[in-house]
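Subject: Structure handover and findings

Hello,

Here is the structure I said I would pass on. Please open it next to this message; my notes follow below it.

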Amino acid sequence: LGQIKKNTTMSMQALGKRINTKKAVTLIEKVFEKTLDVVMDKMSHVLSASRIKLSLLSFFRNVYLQDSTESLVNEALKDTFKGSSGGSGDGSCDASVKVDLIYEYKRKFLTHFKITDRREPDSILGEKILEIIKKGDLVIRDLGYSRINIFQQIQEAGAYFLSRLHACIHVYLHQ
């Protein structure tokens, strides 16, 4: 803040009061969404420049990318954002946040954004896609979201998915 406006000072307590409001959360979400738009736009330009054809995506109404990331946060937030330490008391992983999002690639739109603690598994967060997808959509996500019953429901909705499968899953072709 001081670098942006030289004569401005703010205590950590004042910052804490402002950042813990709904307006601050909305601002952070909008900044994140805009940043994601810029990154995805650059990625599209890189793919186009390298002559990778994205024309296959035109087959699908919407292309949803779902992923999550985790980050350690201040130990003072351990009651809200529980980490993985199991209360060991060493502070190393007592507080951790997980951000889960679903991004519609073709329209460049953040469809879902959830902040939770790191203990909520991707396989459970992956159920959210069932409220979003429609016939003709494509869902792309990683191994953590892999659940056979969710794949079946995506297929029953007339949508498609692209995902890595667990090594213990066997795929058979029926003739």
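Helix α4, residues 148-156, supplies the largest share of the lining of the second largest pocket, with four residues. The model is a predicted one, so please read everything here as computed from that prediction. The full lining of this second largest pocket consists of I148, F151, Q152, Q155, F161, L165, I169, H170 and V171. By class, six of the lining residues are nonpolar and three are polar, with no charged residue present. The space in the second largest pocket comes to about 210 Å³. As background, a probe the size of a water molecule, rolled over the atoms, shows where empty space is left.

Helix α4 also has a place against the sheet: α4 lies across β4 and β5 and runs at about 145 degrees to β5.

Now the chain as a whole. There are four helices and five strands, and along the sequence they follow the pattern α-α-β-β-β-α-β-α-β. The chain has 175 residues, of which 29% count as buried. Among contacts with a separation of 6 or more, 50% are between residues 24 or more positions apart.

The sheet

The five strands form an open sheet with mixed pairing, in the order β3-β2-β1-β4-β5. The edges are β3 (109-117) and β5 (160-163); each has a single partner strand, so one side of each is left without a neighbour in the sheet. On average, neighbouring strands of this sheet are turned by 15 degrees against each other, direction ignored. In general, strands of a sheet pair through backbone hydrogen bonds, either parallel or antiparallel.

Going through the pairs in sheet order:

- β2 and β3 run antiparallel and are joined by eight bridges. In this pair, D100 stands opposite K114 in β3.
- β1 and β2 are also antiparallel, with nine bridges between them. Here S71 has V97 in β2 as its bridge partner.
- β1 (residues 63-72) and β4 (residues 138-141) run parallel and are joined by four bridges. V63 has L138 in β4 as its bridge partner, and L65 stands opposite I140 in β4.
- β4 and β5 pair in the parallel sense over four bridges. I140 stands opposite L162 in β5.

I140 is therefore a residue to look at from both sides: L65 stands opposite I140, and I140 in turn stands opposite L162 in β5.

Strand β2

How many of the residues of β2 are buried? The count is nine of nine, so the strand is mostly covered. In a regular strand the side chains alternate between the two faces of the sheet. For β2 both faces are covered. On one side the buried residues are S96, K98, D100, I102 and E104, and on the other they are V97, V99, L101 and Y103.

Two loop residues

K108 sits in the loop between β2 (96-104) and β3. The hairpin formed by these two strands has four residues between them. What sets the backbone of K108 apart is a positive phi of about 55 degrees, although K108 is not a glycine. Is K108 buried or partly exposed? Its relative accessibility is 32%, so K108 counts as partly exposed.

I132 is in the loop between α3 (122-125) and β4. At 13% relative accessibility, I132 counts as buried, because the cut-off for that class is under 20%. Which residues does I132 touch, leaving out those up to four places away in sequence? They are Y64, I102, T111, H112 and D137. One of these, Y64, is 68 residues from I132 along the chain, and the C-alpha atoms of the two are separated by 9.3 Å. Another, I102, is among the buried residues of β2 listed above.

For a first look, I suggest this order: the lining of the second largest pocket, with the four residues from α4; then β2 with its two covered faces; then K108 with its positive phi; and last I132 with its contacts.

Regards

Methods
Residues numbered from 1 in each chain as written. Predicted model: local features only at pLDDT ≥ 70, side-chain atom pairs only at ≥ 80, totals over all residues. Heavy atoms only, no water. 1 Å grid on protein atoms, 1.4 Å probe; cavity = no way out; pocket = protein on both sides within 12 Å on 5 of 7 lines; lining within 4 Å. Points joined across faces, edges and corners; volume = space filled by probe spheres on them. Nonpolar A, V, L, I, M, F, W, Y, C, P; charged D, E, K, R; others polar. Pairing = 2+ DSSP bridges. Axes fitted to C-alpha atoms, helices over the stretch in contact; angles between N-to-C directions. Contact = heavy atoms within 4.5 Å. Buried < 20%, exposed > 50% of the residue type's maximum accessible area, 1.4 Å probe, protein only.
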